[in-house]
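Student: Please take a close look at one part of this structure, the pairing of strands and what packs on them. I would like one connected account.

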Amino acid sequence: MSYELKALIASRELLDVVAAEVPVARVAGLEQKLALIPMTDLLFDTVTEHGGAIQPGFTSFPGGFGRRMAAWSKAGPIGYVEADFCGGEGTQHAAVWFDAQVVLGPLSSVTGQPFAAEGSPISQALRRVGAQHSHGQDEFEAVGLDRHRRLVDWCSG
C-alpha cells in the first residue's frame, strides 16, 4: 500500500491565517488542535516564486517558500512535512520554522535507515509544533496523520 503526504502543519489558528492569505490553501483539521494544509499542485504553483528551485532536502517544497514559512512562524511554530511510501519503500522529510528561523531540519530518512533517537523526521516536526504522543502511539498516529493515505483525501478539509 502507498502513503503520500506533502503538507504544512501547525495550529489550526495559524493555518487559518495562512489560508486567508493564500486562498487556494485548504485547511484540514487534525487532533490536538493542529491542522494541515496539503501542498497540492495548485498551491505549489501559487506560492512558488518565479525562478525558484525546490528547496534542498525536499521533493516538493516550492522555491522561495521558506520566506513565507519564516514570516508565518512569527505567529507560532509551523512545519512542512513530506512522506512518500509505496510497497514498503519510501522517504520522509521535515522542517520547522519558529520566530522567523528554521528550528528543525530539514531532516530526511529513507526506508532501511534507522530513525534518530528522537524519532522519525515527521514525529520530530510534530513535537515542535505542539503534538504529544500517548502510550503505544507516536505523534504521527496521535494527531491523526494515519487517517488518509493519499494527499487528495486531505483536500476536502
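Tutor: Two strands count as paired if DSSP finds at least two bridges between them. The model is a predicted one. Strand 5 (residues 89-98) and strand 6 run antiparallel and are joined by 7 bridges. Within strand 5, glutamine 92 stands opposite serine 109 of strand 6. Helix 3 packs on the sheet and touches strand 5, as well as strand 1 and strand 4. The direction of helix 3 makes about 130° with that of strand 4.

The wider sheet is open and is formed by 6 strands, with antiparallel pairing and the order 2-3-1-4-5-6. Strand 2 (28-29) and strand 6 (101-110) stand at its edges; each has a single partner strand, so one side of each is left without a neighbour in the sheet.

Helix 1 also belongs in this picture. It lies across strand 1, strand 2, strand 3 and strand 4, and runs at about 95° to strand 1. In helix 1 (residues 12-21), the buried residues are Leu14, Leu15, Val18 and Ala19. Viewed down the axis of helix 1, these buried residues fall within an arc of 140°, so they line one face of the helix. An α-helix has 3.6 residues a turn, so residues three or four places apart point the same way. Glu13 and Ala20, on the other side of helix 1, are exposed. The buried residues of helix 1 pack against strand 1 (2-11), strand 3 (34-38) and strand 4 (78-86), and also against helix 3 (65-72).

How values were computed:
Residues numbered from 1 in each chain as written. Predicted model: local features only at pLDDT ≥ 70, side-chain atom pairs only at ≥ 80, totals over all residues. Heavy atoms only, no water. Buried < 20%, exposed > 50% of the residue type's maximum accessible area, 1.4 Å probe, protein only. Helix = DSSP H or I, 4+ residues; strand = E, 2+ residues; numbered from the N terminus. Arc of directions from axis to C-beta. Contact = heavy atoms within 4.5 Å. Axes fitted to C-alpha atoms, helices over the stretch in contact; angles between N-to-C directions.
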